[in-house]
Amino acid sequence: MTELAQIGVTGLAVMGRNLARNLARHGHVVAVHNRTENRTKELIEEFGHEGAFVPAQTVSEFVSSIARPRKIILMVKAGDPTDRVIDELTPLLEPGDMIVDGGNANFAETIRREEALREKGLYFVGAGISGGEEGALHGPSIMPGGSAEAYAQIGPILEGIAARVDGRPCCTHVGPDGAGHFVKTVHNGIEYADMQLIAEAYDLLRKATNLVPDDIAEVFAGWNEGRLASYLVEITAEVLGQVDAETGRPFVDVVMDRAEQKGTGRWTVQAALDLGTPVPGIAEAVFARALSGQSELRAAARELPGPPPGAREASRALIDDIEKALYASKIVAYAQGFHQIATASAEFGWKIDMGAMARIWRGGCIIRARFLDRIWSAYNANPELPTLLTDEYFLEALADAQKAWRRVVSTATWLGIPVPGFSSALAYYDGLRAQRLPAALIQGQRDYFGAHGYRRVDRAGTYHTAWSGDRGESPS
Ligand SMILES: NC(=O)C1=CN([C@@H]2O[C@H](COP(=O)(O)OP(=O)(O)OC[C@H]3O[C@@H](n4cnc5c(N)ncnc54)[C@H](OP(=O)(O)O)[C@@H]3O)[C@@H](O)[C@H]2O)C=CC1
Ligand SMILES: O=C(CO)[C@H](O)[C@H](O)COP(=O)(O)O
């Protein structure tokens, strides 16, 4: 008789297949299943020797091949496919069994699924998993949400296969129901913002200096040795150094300049809008991808007037300015993402440990970066930190970047190089530090056309001015 599996994985595309291999390499007996049977066969043929797999052809065969209480990881497409797979599994499961959704699910759907399965006596863990194909195999960053009882059972397994930094796993219990998928969504939103900022730095280096992609690859490789050290900066150097075998041209010049997206960046912004949390850096990154994809609009606008061509320079000073602007803007992007997580945590009662989120992103995930150590320290020093920007370390870095950051944004503006990420980060920063914002005028306008009322700086209450009458003020 075949040995019962300790855990099952269904959905064996790039992520699920490698996660199953990771589990097997860590000594677990893993039941594997995929809707299209061929993927299961391929996994066993290619990698069956790596560990103990129990292949299943049907869902019922898959479920019965797992020891109770069953633990099943879903790695299927987010949205309807996930619901369909849950609907297929649920009638075959028994109280105490658990489904772990490792896909990029929308946190609102995770809250709904967790509640529905809890009513059936089943555990549901919405676990954000980051690290792509390689991370899934060698150790991803894992952000599981769900009940503490569920985590007590699945946590040790997930922590065992996660990336490790300084001996600690890049996995922790994030919070109840949708907390894990929410944090993963914001992780991806930050990923979008970081990628946009890096792309803008490249664009400036390319258009404002005489550097060619190979030179710029070296600039990024150099930056990767310093405080900007991160997976995204590292792969940027690799991508920029790549030469197209067919044409001999830089790879980056033969790829269409239309950035695609699967939706998690958009979800981050949608959730931020619902929470009323400003995340302009993430929003600009989502819109920059959308703008890049507007081929007809771009073609129609191509001949619009711009500034006269500026002189190109390759000065070390400009490169250093761009490094400072990139670092400052990156701090702002992460500050926005962390603020969004803190706001959602308070709104949904998740009690998320902010420092722990920075800690588990230090390895395995796409936004892993040296400076996450600083974010972790900042929240350790003050778990109630209102914004990362006021932490002593970040405050110093922002102070140091002031002239360079503003020079970079103005240089880009004068040269007509779009830098929505850099400029919106600076505007957010200046908006937060402003003694007075023009929001007071907006309140006046709202009261003028809609009698919406306003609050005064000198006494409590809400007031209205009779704009079309005697302009006297009365409480409203
Ligand atoms: N790719 C990445 O880098 C990352 C992906 N993720 C998330 O992980 C999950 C898996 O990603 P990935 O491996 O890229 O695969 P895909 O997102 O491309 O999903 C493909 C898998 O979903 C299955 N599937 C699709 N529709 C159904 C259905 N109706 N019923 C049953 N199974 C279905 C497919 O089965 P079949 O073979 O039969 O078509 C296949 O196993 C996704 O939610 C993704 O967002 C998370 C982090 C990184
Ligand atoms: O989840 C991920 C990493 O953490 C994926 O790589 C992400 O889905 C990529 O997103 P997009 O296709 O929208 O750029």
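**The second largest pocket**

Select helices α15 (316-348), α16 (354-360) and α17 (372-381) in this predicted model. Each of these helices supplies at least two residues to the lining of the second largest pocket. The leading contributor is α15, which gives the most to this lining, with six residues. Next, display Ala342, Ile352, Met354, Pro383 and Glu384 as sticks; of the 18 residues that line the pocket, these lie nearest its centre. The volume enclosed here is about 250 Å³. Colouring the lining by class will show ten nonpolar, six polar and two charged residues.

**The largest cavity**

Keep α15 selected and add α8 and α19 (420-433). Each of these three helices supplies at least two residues to the lining of the largest cavity. How many residues does α15, which gives the most, bring to this lining? The contribution of α15 is three residues. To see the whole lining, select Ala193, Leu197, Gly281, Ser329, Val332, Ala333, Gly421 and Ala425. By class, five of the lining residues are nonpolar, three are polar and none is charged. The largest cavity has a volume of about 50 Å³, and a search of the whole structure finds one cavity of 30 Å³ or more.

**The seven-stranded sheet**

Now hide the cavity residues and turn to the strands. Seven of them form an open sheet with mixed pairing, and the order to follow across it is β3-β2-β1-β4-β5-β6-β7. Which strands stand at the edges? They are β3 (53-55) and β7 (141-145), each of which pairs on one side only. When the sheet is viewed from the side, the twist to look for averages 25° from one strand to the next.

At the β3 edge, select β2 (residues 30-33) together with β3; the two strands run parallel and are joined by three bridges. Within this pair, label Val30 and Phe53: Val30 stands opposite Phe53 in β3.

Next, add the helices that pack on this sheet. Helix α8 (residues 179-208), already met at the cavity, touches β5, β6 and β7. The direction of α8 makes about 15° with that of β6. Helix α4 (residues 80-89) lies across β1 (7-10), β4 (71-74), β5 (98-101) and β6 (123-130). With respect to β4, helix α4 runs at about 160°.

**A salt bridge from α4**

Stay with α4 and select Asp83, then Arg112. Their side chains meet in a salt bridge, with an N to O distance of 2.9 Å. Asp83 belongs to helix α4 and Arg112 to helix α5 (residues 107-119), so that the pair links distant parts of the chain, 29 residues apart. Side chains of opposite charge can pair when their charged atoms come close. Searching the whole structure finds 25 salt bridges, and the contact between Asp83 and Arg112 is one of them.

**Two backbone details**

Centre the view on Arg68 and Pro69. The peptide bond that joins them is cis, with omega at about -10°. Pro69 lies in the loop between α3 (59-64) and β4, and β4 is also one of the strands that helix α4 lies across.

Then move to Asp166. In which loop does Asp166 have its place? Asp166 is found in the loop between β8 (164-165) and β9 (168-169). What is notable here is the backbone: phi of Asp166 is positive, at about 50°, although the residue is not a glycine.

**The three-stranded sheet**

For the last stop, select β10, β11 and β12. These strands form an open sheet in the order β10-β11-β12, and the pairing is antiparallel. The edges are β10 (454-455) and β12 (473-475), each pairing on one side only. Between β10 and β11 (residues 462-465), the antiparallel pairing extends over two bridges. To finish, label Tyr454 and Tyr463; Tyr454 stands opposite Tyr463 in β11.

Conventions: Residues are numbered from 1 along each chain as its sequence is written. Chains are lettered from A and ligands numbered from 1 in the order in which they are written. This is a predicted model: local features need pLDDT of at least 70, side-chain atom pairs count only at pLDDT 80 or more; totals for chains, interfaces and linings use all residues. Side-chain values use heavy atoms; hydrogens and water are left out. On a 1 Å grid over the protein atoms alone, a cavity is a set of points where a 1.4 Å probe fits but cannot get out, and a pocket is an open set with protein on both sides within 12 Å along at least five of seven lines; lining residues have an atom within 4 Å of a point. Grid points are joined across faces, edges and corners, and a volume is the space filled by probe spheres set on the points. Helices (H or I, at least four residues) and strands (E, at least two) are DSSP runs, numbered from the N terminus. Ala, Val, Leu, Ile, Met, Phe, Trp, Tyr, Cys and Pro count as nonpolar, Asp, Glu, Lys and Arg as charged, and the others, Gly among them, as polar. Two strands pair if DSSP finds at least two bridges between them. Axes are lines fitted to C-alpha atoms, for helices over the stretch in contact, and angles run from 0 to 180 degrees between N-to-C directions. Contact means heavy atoms within 4.5 Å. A salt bridge is a side-chain nitrogen of Lys or Arg within 4 Å of a carboxyl oxygen of Asp or Glu.
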